[in-house]
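Good morning, colleagues. Please take a moment to look at the sequence and the model on the screen, and then I shall guide you through one part of it.

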Amino acid sequence: MTARPPVSVIVVSHGRPALLRRALTGIGQLFYRPFELVVIADAEGLAAISDLPFYDRIKTATQEAPNISAARNRGAELASGEVLAFIDDDAVPEPTWLDHLIFPLLETDTAATTGTVLGRNGISIQWANRCVDAHGQAQQVGPDGVPANHAIKLEGTNMAIRREVLFALGGFDEGFGFYLDETDLAFRLMTHGYRTAIAPLATVHHGFAASNRRTEARVPLDLSDIGSSTVRYLHKHARPGDIAEAVGVARAEQQQRLDRLVRARLIGKDEAARLLGTLIDGLQRDQDPVEESFLRRDLAASFRPLLTKPSDEPVVLAGRWFSRRNLMNQAGRAASSGRSTSLFLLDHTIRAHRVQFTPDGVWLQSGGLFGRTQRDSPRFSYWSFDQRIRMETGRLHRIRWN
């Protein structure tokens, strides 16, 4: 592999045009060179990004059917990079994301990498450093490393794989329209003898956005795909004698999930019963046979770099909450040119901090001067303004900036 291999960043999207636009705005601020951008989306999504300044350099294709594996395969077919990196439409990468994600692939026998996913507050870890077994059950990698017969868990919104390896494995199994799609790929990597590495500094921000499968409050609308994918995964990877018990475990987990939603008054008992019925329908759905390969090699065009010149120096701004309007305008102007722009806005309170990537491309961290950043820190700590900004920029060193 070359010193800095050409990378194809693949984003698939369905029914979330505004979030797709935000994700691509963040991708446009990546420091890594060279990379191209491949977007597979519905017509509404492609229309929403058509006025981005770099739209004419994006490889695009339309897919209306909501099948994430099929969409990722179409992206892989259009991609020309040595490495394929995947991120979801409801996620935004830190500017150094690709630098860290690709590093383990340089001159090693590593075939795939995965990184850290932050949750809604932009600070706490949502998923990281996990492995998965033949039943699709994920767990944290402990101090003794990955247990036998477990695979490093690929985080679907933060992963990369050598293109040649993905093609050798036949791509993503399109029987997984949703759920366990990247987990199936992770387990196949392990069983075929390929090595996967964890790149902890490769960081993306991810929220559980609303979709045709769940509400913004993470309430499912249908569980049939989860049921169907669970059975498909078990028949591919579990021992035959273990499947019935594993199906029972999966059903019990979803029942517990529905019970929590009922207790939280997010759904009623009748809705919980309906959703359980959709799960059972999925668990009983007939499975299509697994094809040898879902990929075609004849579609890739020449590599099309999204950005050619080196990235500009990042912009870092900080100020008090009463200067918000002026600072936001200043940050927005900087971000509009594609520069990585961070703004720290503090008030004189103990509000917990929050990080968000705004639609116009600004990394905004807000909260109280004396409030906590990490949720396990004290609720109050005394800082001067300059001390707090130094602490926060230090926390982001190597994640936000090289």
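On the surface of this predicted model, Ile350, Phe380 and Tyr382 form a nonpolar patch, and their accessible area together is about 360 Å². Where does tyrosine 382 lie? Tyrosine 382 belongs to the loop between E16 and H11. With a relative accessible area of 62%, tyrosine 382 counts as exposed, because the cut-off for that class is over 50%.

Let me follow the chain from that loop to helix H11, which covers residues 385–395 and contains arginine 388. Is arginine 388 buried or exposed? Its relative accessibility is 0%, and arginine 388 is therefore buried, the limit being under 20%. Setting aside residues up to four places away in sequence, arginine 388 touches Leu346, His353, Gly368, Leu369, Phe370, Gly371, Arg372, Thr373 and Trp383.

I now turn to the other side of the loop, and to the sheet. In general, the strands of a sheet pair through backbone hydrogen bonds, in either a parallel or an antiparallel manner. Here, 4 strands make up an open sheet with mixed pairing, and their order is E13-E14-E16-E15. Strand E13 (315–320) and strand E15 (354–357) each have a single partner strand, so these two edge strands are each left with one side lacking a neighbour in the sheet. On average, and ignoring direction, neighbouring strands of this sheet are turned by 15° against each other.

Consider next the pairings of strand E16. Strand E14, residues 341–347, runs parallel to strand E16, residues 362–368, and 7 bridges join the two. Within this pairing, leucine 346 has glycine 367 in E16 as its bridge partner. Leucine 346 has already been named, as one of the residues that arginine 388 touches.

With E15, the pairing of E16 is antiparallel and extends over 4 bridges. In this pairing, valine 355 stands opposite glutamine 365 of E16. E15 and E16 also form a hairpin, with 4 residues between the two strands. Which residue in the turn has a positive phi? That residue is glycine 361, with a phi of about 95°.

How many residues of E16 are buried? The number is 7 of its 7 residues, and E16 is described as mostly covered. By contrast, tyrosine 382, in the loop that follows E16 and leads to H11, is exposed.

Thank you for your attention.

Methods
Residues are numbered from 1 along each chain as its sequence is written. This is a predicted model: local features need pLDDT of at least 70, side-chain atom pairs count only at pLDDT 80 or more; totals for chains, interfaces and linings use all residues. Side-chain values use heavy atoms; hydrogens and water are left out. Two strands pair if DSSP finds at least two bridges between them. Axes are lines fitted to C-alpha atoms, for helices over the stretch in contact, and angles run from 0 to 180 degrees between N-to-C directions. Buried means under 20% relative accessible area, exposed over 50%, partly exposed in between (1.4 Å probe, protein chains only). Contact means heavy atoms within 4.5 Å. Patches are made of residues with over 30% relative accessible area and no salt bridge: like charges are joined within 9 Å, nonpolar side chains (Val, Leu, Ile, Met, Phe, Trp, Tyr) within 5 Å. Accessible areas come from the Shrake-Rupley method with a 1.4 Å probe; for residues, only the protein chains shown count as cover. A salt bridge is a side-chain nitrogen of Lys or Arg within 4 Å of a carboxyl oxygen of Asp or Glu.
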